[in-house]
Amino acid sequence: MSTTPADIEVRRIQPLPSRSGSGEPLISIRDLKVQFGKVKAVDGVTLDILEGETLGLVGESGCGKSTLGRAILRLTEPSGGQVLYHNRDLAHLSVREMREQRRHLQIIFQDPYASLNPRMTVGQIVGEPLDTFKLARGKEAERHVQELMETVGLSKRFINRYPHEFSGGQRQRIGIARALAVDPQFIVADEPISALDVSIQAQIMNLLERLKQEKNLTYLFISHDLRAIRHVSDRVAVMYLGKLVEIAEAKTIYRDPLMPYTKALISAVPVPDPEVESKRRRIVLEGDVPSPINPPSGCRFHTRCPYAIKQCREVEPTLVEIKSNHFAACIRISPDQPDIDIVAPGDAPGLRQAGPTLA
Amino acid sequence: MSKSKGKLLEVRDLCTYFETEDGTVKAVDGISFALERGETLGIVGESGSGKSVSNLSVIRLIPTPPGEIVSGEIIFKGQDILLLTEDEVRKIRGRRIAMIFQDPMTSLNPFMKISSQLMEITQLHLGYDKSRAYNHAIKMLETVGIPDAAERVDSYPHEFSGGMRQRVMIAMALSCEPELLIADEPTTALDVTIQAQILELIKKLKQDTGTSVILITHDLGVVAGMTDHVVVMYAGKVFEQAPTRELFAAPGNPYTKGLLRSVPDPTDEQGKLYQIPGLPPDVAHLGPGCPFAPRCARVEEICRKEFPPFVQLNANHFSLCHFAGDVFDESRKESDSTIETEQ
């Protein structure tokens, strides 16, 4: 079957607003909710993802971080709220309209074994988006695929191989090549390194960083691995049981966590230095994460919080700007009294002083 | 190396091979290590290093076929486990040497109540009757910090969270007060705050009962906080072993150095992360030289041709490398450490 150039419908790339890493919000999430039956996986999250940044989203199992990432891309349907991107609300677009937007919004999945179709070759997997969005055909598509493979560090000799012939790290590279095929603006990386060996994790993190620079990407980097998050992120957002509890620059979150859950989380990360490990004081939390079907009243963390007082059970804290560009949801601190360790016992300065909040 | 007096466990030249379609996989190929009483030994390695297989070999849980402990000695309290009959091994396994595994869901029987699983152990090994075993089970759950143990003891595994299940596994492992606990990636599948709890628990139980521990992990942070000595494995071989502090302060092997540098340091400024290039080796098809040669930053011709020597760098510090001495000296200079060398 021959096709003349006229038969091939090639969608011209829509001109996009500047990709200069402007620091303006690229995606604005407003009061996003995702509910599965009784489980409120994401329960009112408001967050901006700035153009050109890597926003790290961290939290433990069941906090809703993966659900949030998928809801942005409508891989999971939001139950409420908005996801604003270029003046459109992604949460309310039709299937067709959303598909058009996916040209700019892509995802890298956690499981390099489950996220690739075992019956397609690398060439077919990476080339599929080019076909879906009618960006290239035939020889041109093949050339594009080869370039993408080389970009992610895979030899183009492997273009006709199947996923099972590759290691976990290589498969993850295939997933990355596939995400890049459409030249997206924004990528959700959902636990992209968790399933990989330590030495391979470093490779993939460096690769993602390089690609971000070369292609002016914006990342939402979801992970439970605090060390990796610290390394790749510009800002970090911490989630607990469906809510955002702290947002700050990456350095700051580690040096100066304000909210008790964040403090415990960072304290729990083992440090590869025996001297440090033997000397440091660790915060070890009691008990398990409560069920998201029946989250605790007031502050969801109060059942495990070493600083909890009576009002913590009653009042749900909002994210308040406690220090410059550092937001935390805790009634026991305020902009005047940011250090919970020196707040008077029983005192909740956050209830008295209202600071700037994330609307 | 040294006499086995005082050592709880001594593994000598252990070789465990698997026959596969791809050929013979030498999962563990001549490794030796020892554990003193009351110590925690860390075994570090990535996938395919042989760290799990070596410990499954210690308690003779290698599926045969296709696996086989081909040669070596495993001396536990002066007795070579490899020379025992299956019946004799069963008396040790679970009673004197206990093991906990990475994924508590697949290690616990989903069809049995926790109480039954705990009781099985003391009824079998200690001859407890039903009622004594039941009370002991509740006591063990309390010891590992399960709230409302008396009510929860009759639950099924799926009614517990991951962290709780791992605690149950620890309770099972410690039921008979074993002398050695082998923990294979006990916290990898758990959230970091739960991991911290479980590690604290293991530390405390070790202090209370005097059990010696072998901790298998890929997490260098866990190693730093929990272990006295470390064995680094790669491609079925011991690449380096040293007291923990010395390993971190002055590694004597390029693989160890590479691993240490690949871990992002939360206190460090962001920069390009050091990465060990290439992939972990295919242990079914290893070349003649050093298995790490294809990925080593300081590889030289000899590395590709000749298998490296196991060099003694210090009293308890050994490294498998043609240039172990140089690497060790460089590390000491870099960290400006005060590690003294004994000749």
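# Notebook: helices, chains and loops

**Entry 1, a helix pair in chain B.** I began with two helices and found that the crossing of α4(B) and α7(B) is right-handed. I noted that the model I am reading is a predicted one. For the geometry, I took α4 of chain B as residues 114-125 and looked up its axis against that of α7(B): the two come within 9 Å and cross at roughly 20°. An angle under 35 degrees counts as roughly parallel, so α4(B) is roughly parallel to α7(B).

Next I asked which residues of α4(B) meet α7(B). From α4(B) I wrote down B:I114, B:Q117, B:L118 and B:I121, and from α7(B) their partners B:V168, B:A171 and B:M172. I sorted this contact by class and got six nonpolar residues, one polar and no charged ones.

**Entry 2, where the chains touch.** I then turned to the contact between the chains, where 32 residues of chain A are in contact with 37 residues of chain B. Which helices of chain B each supply at least two residues to the side that touches chain A? I listed α7 (162-174), α8 (192-209), α9 (220-226), α10 (244-249) and α11 (254-262). The largest share of that side of chain B is six residues, and α8(B) provides it. By class, the side of chain B that touches chain A holds 17 nonpolar, 14 polar and six charged residues. I noted that α7(B), from my first entry, is on this list too.

**Entry 3, chain B as a whole.** I counted 13 helices and 12 strands in chain B. The C-alpha atoms of chain B fill a box of roughly 65 × 50 × 40 Å along the principal axes. I checked the radius of gyration: chain B has 21 Å, which agrees with the value near 20 Å for a compact globule of 343 residues. Of those 343 residues, 50% are buried. I also looked at contacts in chain B between residues at least 6 apart in sequence, and 64% of them join residues at least 24 apart.

**Entry 4, chain A as a whole.** For chain A, I recorded 12 helices and 12 strands. Its C-alpha trace spans about 80 × 45 × 40 Å along the principal axes. Chain A has 359 residues and a radius of gyration of 22 Å, which agrees with a compact globule near 21 Å. Buried residues are 46% of chain A. Of the contacts in chain A between residues at least 6 apart in sequence, 61% join residues at least 24 apart.

**Entry 5, cis peptide bonds.** Where in chain B does B:P65 lie? I found B:P65 in the loop between α1 (51-58) and β4 (67-76). The bond that joins B:T64 and B:P65 is cis, with omega about 0°. The bond from B:P65 to B:P66 is cis as well, with omega near 5°. I placed B:P66 in the loop between α1 and β4 of chain B.

**Entry 6, positive phi in chain A.** I looked up A:N87, which is not a glycine but has a positive phi of about 65°. A:N87 lies in the loop between β4 (80-85) and β5 (88-89) of chain A. Is A:N87 buried or exposed? I found 6 C-beta neighbours inside 10 Å, so A:N87 counts as exposed.

My last residue was A:L241, also a residue other than glycine, with a positive phi near 45°. I located A:L241 in the loop between β9 (235-240) and β10 (243-249) of chain A. A:L241 has 23 C-beta neighbours inside 10 Å and therefore counts as buried.

Key: Residues are numbered from 1 along each chain as its sequence is written. Chains are lettered from A and ligands numbered from 1 in the order in which they are written. This is a predicted model: local features need pLDDT of at least 70, side-chain atom pairs count only at pLDDT 80 or more; totals for chains, interfaces and linings use all residues. Two residues are in contact if their C-beta atoms, placed from the backbone, lie within 7 Å. Ala, Val, Leu, Ile, Met, Phe, Trp, Tyr, Cys and Pro count as nonpolar, Asp, Glu, Lys and Arg as charged, and the others, Gly among them, as polar. Axes are lines fitted to C-alpha atoms, for helices over the stretch in contact, and angles run from 0 to 180 degrees between N-to-C directions. Angles under 35 degrees count as roughly parallel, over 145 as roughly antiparallel, 65 to 115 as roughly perpendicular and the rest as oblique. A crossing is left-handed if the near helix is turned anticlockwise from the far one by less than a right angle, and right-handed if clockwise. The radius of gyration is taken over C-alpha atoms; the globule rule is 2.2 Å times the number of residues to the power 0.38. A residue is buried if 20 or more other C-beta atoms lie within 10 Å of its own, exposed if 12 or fewer, and partly exposed in between; C-beta atoms are placed from the backbone.
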